[in-house]
Amino acid sequence: MAIDSMFKQMKAEGQPVIGFGAGEPDFPTPGHIKEGGIRAIRNNDTKYTPAVGTAELRGAICRRLKEDLGLDYQPSEISVSNGAKTCVYVALRALVNPGDEVILPAPYWVSYIELIRMAGGVPVVVEATEEERFKITPEKLAAAITPRTKCMILNNPSNPTGMMYSRRELEAIAKVCVEKDLYVISEEVYCHLVYDQREFVSMAAMAPGMKERTLLINGVSKSYAMTGWRIGYVAAPDAISRVIGNYLSHCTGSPCTISQAAALLALSAPQDSVEEMRRDFEARRNYTVERVNRIGGSAASSRRGPST
């Protein structure tokens, strides 16, 4: 965020800069979604909502999870808050007691390790090398588990590497998690920005036993170009969702009413704008990789680009 602030200041000063600091689509929020927020203001839908979000929005999230990922959730298992980052934090607060260990595959998004510490947990960083395509192996995961291990954070598709686990790779990791009774906080906010016709599979879809152990984090920021609207959600087993709801009631009160109205429209309307952005991002990825690989002396001359 410090780099992003510097970029915006330089841009305001008229300097010709391009910002690569924040994971933020440069597309505007689609018009029909913006109208949803404007209509909420005009209709005076500006009061508190339930701490975990409106029933309508949680229902729309359930339908989206079913249609996109084949996952069955009830609205009582959905908690909405102000962005996926907050959702990762409240998921950790719901699971982690002081001193509990949280496995964190590296490379990782910069906030994860601080969120673990803020929740009183102990980060256990497990390195995934370039030779391993930045993916944690079942063997490395099993070796990192101790009697103090409570959960693992899995960011798939990954920020910052762009890698994405295949179904077979997730099945192998899920087997370890079930055997060791390990929770997984699975942040999947980039799940719609997948390239090369690859299939995204959610960790919660791994059977048997992973849905009960997965706290699925997603939101509207990336897929719908809604970063500033600040709406994310956690899909989790009912007992954990109740804990999250209790925490949110004291922590945030409720998500922004207007943003929830816009998110409801984003999730419920036809998803054409999501695919349009995805195609544009893939074209940019292909162009960038091709240009970088043409640089003389590049060690990456024979490599493909990341999945996301």
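This report describes the enclosed spaces, nonpolar cores and some single residues of a predicted model.

**Cavities and a pocket**

The count of cavities of 30 Å³ or more comes to two. The table sets these two beside the second largest pocket.

| Space | Volume | Nonpolar lining residues | Polar lining residues | Charged lining residues |
|---|---|---|---|---|
| Largest cavity | about 110 Å³ | 13 | three | none |
| Second largest cavity | about 80 Å³ | six | four | two |
| Second largest pocket | about 290 Å³ | five | three | five |

The largest cavity has a volume of about 110 Å³. Its lining is made of 16 residues, and P105, P107, N155, S158 and M163 are the closest to its centre. Two strands, β2 (101-106) and β4 (149-155), each contribute at least two residues to the lining of the largest cavity. No charged residue is found in that lining.

The second largest cavity holds about 80 Å³ of space. Among the residues that line the second largest cavity are R64, L65, D68 and L69, together with C191, H192, Y224 and L267. Both α3 (55-69) and β6 (214-219) give two or more residues to this lining. Which element provides the largest share of the lining of the second largest cavity? That element is α3, with four residues. The lining of the second largest cavity includes two charged residues.

The second largest pocket has a volume of about 290 Å³. Of its 13 lining residues, C191, H192, V194, E275 and R278 are the closest to the centre. Two of these names, C191 and H192, also appear in the lining of the second largest cavity. Helices α3 and α10 (272-293) each supply at least two residues of the pocket lining. Five of the residues lining this pocket are charged.

**Nonpolar cores**

In soluble globular proteins, nonpolar side chains tend to be buried together. In this model the largest nonpolar core has 28 residues, and those that touch the most other members are I61, L65, Y73, I78, L216 and Y224. The elements that give two or more residues to this core are α3, β1 (78-81), β7 (232-235) and α9 (257-268). Helix α3 gives the most, with six residues. One member of the core, I61, is in contact with I78, V80, Y233 and L267, leaving aside neighbours within four places in sequence. There is also a second, separate core of 27 residues, which includes Y89, A119, I217 and L248.

**Helix α5 and strand β2**

Helix α5 covers residues 110-118, and S111, Y112, I113, L115 and I116 in it are buried. What lies over these buried residues includes α4 (84-95), β2, β3 (122-127), β4 and β5 (183-187). Just after α5, G120 takes a positive phi of about 90 degrees.

L104 is placed in strand β2. Is L104 buried or exposed? L104 counts as buried because its relative accessibility is 1%, and the cut-off for buried is under 20%. Apart from neighbours within four places in sequence, L104 is in contact with Y112, I113 and I116, as well as V124, V125, V126 and I153. Between L104 and I41, which are 63 residues apart along the chain, the C-alpha atoms are separated by 41 Å.

**Two loop residues**

N156 is found in the loop between β4 and α7 (167-179). With 2% relative accessibility, N156 is also counted as buried. Leaving out residues up to four places away in sequence, N156 touches M163, M164, Y165, L170, E187, E188, F200 and V201. For Y165, the backbone nitrogen lies 2.9 Å from a polar atom of the N156 side chain.

G23 sits in the loop between α1 (2-12) and α2 (31-42). Its relative accessible area is 33%, so G23 counts as partly exposed. Which residues does G23 touch, not counting those up to four places away in sequence? They are Y190, K222 and T227. From G23 to R64, 41 residues apart in sequence, the distance is 22 Å, C-alpha to C-alpha. R64 is one of the residues lining the second largest cavity.

Terms used:
Residues are numbered from 1 along each chain as its sequence is written. This is a predicted model: local features need pLDDT of at least 70, side-chain atom pairs count only at pLDDT 80 or more; totals for chains, interfaces and linings use all residues. Side-chain values use heavy atoms; hydrogens and water are left out. On a 1 Å grid over the protein atoms alone, a cavity is a set of points where a 1.4 Å probe fits but cannot get out, and a pocket is an open set with protein on both sides within 12 Å along at least five of seven lines; lining residues have an atom within 4 Å of a point. Grid points are joined across faces, edges and corners, and a volume is the space filled by probe spheres set on the points. Ala, Val, Leu, Ile, Met, Phe, Trp, Tyr, Cys and Pro count as nonpolar, Asp, Glu, Lys and Arg as charged, and the others, Gly among them, as polar. Buried means under 20% relative accessible area, exposed over 50%, partly exposed in between (1.4 Å probe, protein chains only). Contact means heavy atoms within 4.5 Å. A polar contact is a pair of N or O atoms within 3.5 Å; within protein, one must be able to donate a hydrogen and the other to accept it, and residues adjacent in sequence count only if both atoms are side-chain atoms. A nonpolar core is a set of buried Ala, Val, Leu, Ile, Met, Phe, Trp, Tyr and Cys residues joined through side-chain atoms within 4.5 Å.
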